Amino acid sequence: MTRPLRIVAVSGGLQRPSRAATLAEHLLDLIGEDIHSEQQLIELGELAPQLAGALWRSQLPEAVERQLAAVEQADVLVVATPVYRGSYTGLFKHFFDFIHQDALVDTPILLAATGGSERHALVIDHQLRPLFSFFQARTLPLGVYATDRDFTEGRVHNEALIQRARLAVQRAMPLLALSHRAAPATAEAAAVL
């Protein structure tokens, strides 16, 4: 018997409500329909005051350290960021600057972004994929990009986006299932491996 898959979503949204957080939660829900998991959403907007002045990980408060550890110990990551001036937010990058460079090796990562128009959709392939390639993570085949028009009353409502998100998760499932089977049920089992 394997333990639940640890899935951590990181939202680079700075405001509440955040479309990036809404999209991340939608993706978490879709994954949760198909695989037994423990899920956590990290909203960087809430951590901003604690991240702002830190240059070194040792300068971060315990609350931020716990969130970094959750990312580093995740079996799967979902990352979602608003597009700001053609890229992910500075706070998003600042947070990932504190992640140990070997912590995400082979970790499956579902990439997502939100923006004001379709013009920024390439942020997934031109900004997010290279960032997580540095970490030697396994970025999943399909990214999910949403515009402001895809949300109504704090929920994803556009049918095309819903289908794209579902397809991204379906295409990711074989890799997530492999990760799930590889996840040991207990710490003792992990020590044996």
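Student: Is Arg85 buried or exposed?
Tutor: Start with the cut-offs: buried means under 20% relative accessible area, exposed means over 50%, and partly exposed sits in between, using a 1.4 Å probe and protein chains only. Arg85 has a relative accessible area of 76%, so it is exposed. Keep in mind that this is a predicted model, where local features need pLDDT of at least 70, side-chain atom pairs count only at pLDDT 80 or more, and totals for chains, interfaces and linings use all residues. Residues are numbered from 1 along each chain as its sequence is written, and side-chain values use heavy atoms, with hydrogens and water left out.

Student: Where does Arg85 lie, and what is its phi near?
Tutor: First, the general idea: most residues other than glycine have a negative phi, and most peptide bonds are trans. Arg85 lies in the loop between E3 and H4, and its phi is near 50 degrees, which is positive in a non-glycine residue. Those labels are DSSP runs numbered from the N terminus: helices (H or I) have at least four residues and strands (E) at least two.

Student: Which other residue has a positive phi?
Tutor: Try Glu153, whose phi is also positive, near 50 degrees. You'll find Glu153 in the loop between strand E7 (151–152) and strand E8 (155–156). At 78% relative accessibility, Glu153 is exposed.

Student: And which residues does a cis peptide bond join?
Tutor: Arg16 and Pro17, with omega about 0 degrees. Pro17 is in the loop between E1 and H1. Leu14 has its place in the loop between E1 and helix H1 (19–34) too. With 52% relative accessibility, Leu14 counts as exposed.

Student: What is Leu14 in contact with?
Tutor: Contact means heavy atoms within 4.5 Å. Setting aside neighbours within four places in sequence, Leu14 has contacts with Gly45 and Leu91. As for Asp75, it is 61 residues from Leu14 in sequence and 25 Å away in space, C-alpha to C-alpha.

Student: Let's zoom out. How many helices and strands does the protein chain have?
Tutor: There are seven helices and eight strands. The chain's radius of gyration is 16 Å, close to the 16 Å that the globule rule gives for 193 residues, so it is as compact as a globular protein of that length. That radius is taken over C-alpha atoms, and the rule is 2.2 Å times the number of residues to the power 0.38. The C-alpha trace spans about 50 × 40 × 30 Å along its principal axes, and 48% of the 193 residues count as buried.

Student: Which residues touch the most other members of the largest nonpolar core?
Tutor: In soluble globular proteins, nonpolar side chains tend to be buried together. A nonpolar core here is a set of buried Ala, Val, Leu, Ile, Met, Phe, Trp, Tyr and Cys residues joined through side-chain atoms within 4.5 Å. The largest has 35 residues, and Val10, Val71, Phe92, Phe95, Phe96, Leu104 and Phe132 touch the most other members. Elements giving it two or more residues are E1, H2, H3, E3, H4, strand E4 (108–115) and helix H5 (123–134). H5 supplies the largest share of this core, five residues. Apart from it lies another core of 30 residues, including Ala9, Leu28, Val78 and Ala80.

Student: Which residues of helix H3 are buried, and what covers them?
Tutor: H3 runs over residues 62–72, and Val64, Gln67, Leu68, Ala69, Ala70 and Val71 are its buried ones. Their cover includes strand E1 (5–11), strand E2 (37–43), helix H2 (44–51), strand E3 (76–82) and helix H4 (90–97). Phe95 shows this from the other side: beyond neighbours within four places in sequence, its contacts are Val10, Leu44, Leu47, Leu51, Gln67, Leu68 and Val71.

Student: Back to H5: is Val123 buried or exposed?
Tutor: Val123 lies in helix H5, and at 3% relative accessibility it counts as buried. Not counting neighbours within four places, Val123 is in contact with Val83, Gly86, Ser87, Tyr88, Ala113, Leu128 and Tyr145. And here's a link to where we began: Val123 and Arg85 are 38 residues apart in sequence and 10 Å apart in space, C-alpha to C-alpha.

Student: What about Arg129, buried or exposed?
Tutor: Arg129, also placed in helix H5, is buried with a relative accessible area of 17%. Residues up to four places away aside, Arg129 touches Leu111, Ile124, Thr139, Leu140, Pro141, Leu142 and Gly143.
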